Amino acid sequence: MKYYLAVFSSITFANKIKKLLSDRPGFIALMHTPSVLNENGCSYCLRFREDKLSEVKSAAYENNIKIKSIYLEDSSGYKKIK
Amino acid sequence: MIYLDNAATTSRKPYQVTEAVMEELYESANPGRASHKLSLKSFNKIYEARESLARLFKVNTPENFILTPNATYALNFAIKGILKNNDHVITTSMEHNSVLRPLYSINNLSISTVRGNNFGFIEPTDIKNAIRPTTALIIINHSSNVNGVVQNIDEISKIAASYGILLLIDASQTAGIIDIDGNKFDMIAFPGHKSLYGPQGTGGLYVSNKIKLRTIIEGGTGSNSKSRFNPPDFPERLESGTLNTPGFCGLKAGVDFVLEEGTDNIRNYEHRLLTMLMDSLLNMENLKVYSPYNTELLSNSLAFNIDKLDSAVVAAELDEKYNICVRPGFHCAYPAHLTLGTENQGAVRISVSYFNTPEEIRKTIDCIYKISKEI
């Protein structure tokens with residue numbers, strides 16, 4: 001199973017998207033962004049199944065919340081896609 | 001004990017408030033500082049408090065509610081986050097020291113103080129006439145903490161908007177009593193512990209999206225740790241350090257209580273109590289009331305004096321002889337007393353809450369009458 005990480009500028013925004021999508025099936029977790037990905041120190045991201053990417057992006061868009069970056073997590077590590 | 005000092009803080013809280021505080025105290029974690037379950041649980045409770053506040057103020061941006069220890073902090077955040085040296089600000093003679101002292105702490109600030117009429121009502125056109133090219137902010141107390149008069153903030157909002165000037169509302173005496181549409185105002189400062197029935201140590205500032213306040217408190221926000229500056233986004237930008245999580249859980253329960261009861265019902269009930277008082281006080285000899293008879297023009301307070309008695313003496317008599325708690329003196333708003341003509345005696349303020357009863361008001365009226373006859 002592959003996962004995406006969507007990084008937000010604040011835990012408030014990350015949590016807002018998580019809450020909006022919490023009643024939909026599929027795994028969405030709010031977590032500290034892995035240190036290796038952090039450019040500015042601590043931040044928060046949502047980790048979700050690859051088929052959830054469009055739902056996360058549209059929820060952020062509809063709520064005027066910027067996704068700072070998106071990473072694909074696989075066995076080799078993280079690959080930045082946005 | 002009859003508690004009629006609710007404009008300072010409401011003494012009696014809904015039982016849900018105590019329960020919410022206790023529940024969080026029993027199992028709490030630092031919100032927004034980790035992503036483990038307990039931290040997120042506390043974080044979500046804080047966010048739900050913002051959501052309840054957003055419902056109360058009719059806006060759809062919970063994250064724009066900055067949580068503070070009280071309204072004074074909120075006013076300081078707004079005033080010092082907007083104004084800078086050589087700016088011009090318009091305020092009124094009815095403001096509390098929580099507005100006046102931050103203003104006078106800013107160097108070279110030009111301050112215009114619009115004076116209220118004999119009851120302290122501000123004429124909106126007087127605000128308009130005070131506007132200058134350098135006016136950066138208008139600050140107005142929605143309701144006086146001295147005599148309860150409510151200002152026409154909708155009209156003042158239209159004036160401010162037409163000139164493109166920011167408007168800060170001090171809703172210390174109205175949040176929870178009077179419906180306030182947050183969409184009409186740039187910033188609203190409010191306490192959590194008065195008519196929102198939260199615990200002391202809670203308050204907040206609503207900031208509209210168009211405003212980027214400078215910070216006056218910096219520190220840990222749980223984000224952007226490598227940066228030497230606070231992050232740009234609300235609410236973290238203005239919420240450095242650990243929040244009063246149990247307190248804001250209590251505030252959420254208090255706001256939910258207000259939403260459930262309805263501000264119209266709360267206000268109507270409190271006005272019934274104030275009208276009972278008015279009808280009796282205005283018929284007593286030797287007694288002067290400094291609030292208008294029409295309680296629709298008031299929040300939850302009125303002010304009076306008995307003959308030439310110092311207000312502190314009247315309050316002490318009510319307390320010592322009759323176990324009635326009221327507030328004398330100058331209420332941290334001396335210019336308001338200059339406006340009302342009570343700068344020598346101060347005034348006795350009675351402020352009611354949703355938990356006061358008609359029987360308590362009847363007893364208070366009897367006791368005031370006895371004191372007025374004893375002089």
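In this predicted model, the N-terminal end of helix α7(B) is capped by N244(B), which places a side-chain oxygen 3.0 Å from the backbone nitrogen of G247(B). The helix that follows covers residues 245–261 of chain B, 17 residues in total. From its first C-alpha to its last it reaches 24 Å, close to the 24 Å expected at 1.5 Å a residue. Just after α7(B) comes G262(B), with a positive phi of about 95°.

Is α7(B) largely enclosed or not? A residue counts as buried when its relative accessible area is under 20%. By that cut-off 12 of the 17 residues of α7(B) are buried, so the helix is largely enclosed by the rest of the structure. Among them are F248(B), L251(B), V255(B), F257(B) and V258(B). The buried residues pack against the helices α1, α2 and α8 of chain B, and also against the strands β2 and β8.

Those two strands belong to an open sheet of seven strands in chain B, ordered β2-β8-β7-β6-β5-β3-β4 with mixed pairing. At the edges are β2 and β4, each of which pairs on one side only. From one strand to the next, the twist averages 20°. Within the sheet, β6(B) and β7(B) are parallel and share three bridges; L168(B) stands opposite M187(B) of β7(B). Helix α3 of chain B lies across β2, β5, β6, β7 and β8, at about 155° to β7(B).

Chain A offers an antiparallel case. There, β4(A) and β5(A) are joined by four bridges and form a hairpin with two residues between the strands. D74(A) has G77(A), in β5(A), as its bridge partner.

Key: Residues are numbered from 1 along each chain as its sequence is written. Chains are lettered from A and ligands numbered from 1 in the order in which they are written. This is a predicted model: local features need pLDDT of at least 70, side-chain atom pairs count only at pLDDT 80 or more; totals for chains, interfaces and linings use all residues. Side-chain values use heavy atoms; hydrogens and water are left out. Two strands pair if DSSP finds at least two bridges between them. Axes are lines fitted to C-alpha atoms, for helices over the stretch in contact, and angles run from 0 to 180 degrees between N-to-C directions. Contact means heavy atoms within 4.5 Å. The expected span of a helix is 1.5 Å times one less than its number of residues. Buried means under 20% relative accessible area, exposed over 50%, partly exposed in between (1.4 Å probe, protein chains only). A polar contact is a pair of N or O atoms within 3.5 Å; within protein, one must be able to donate a hydrogen and the other to accept it, and residues adjacent in sequence count only if both atoms are side-chain atoms.
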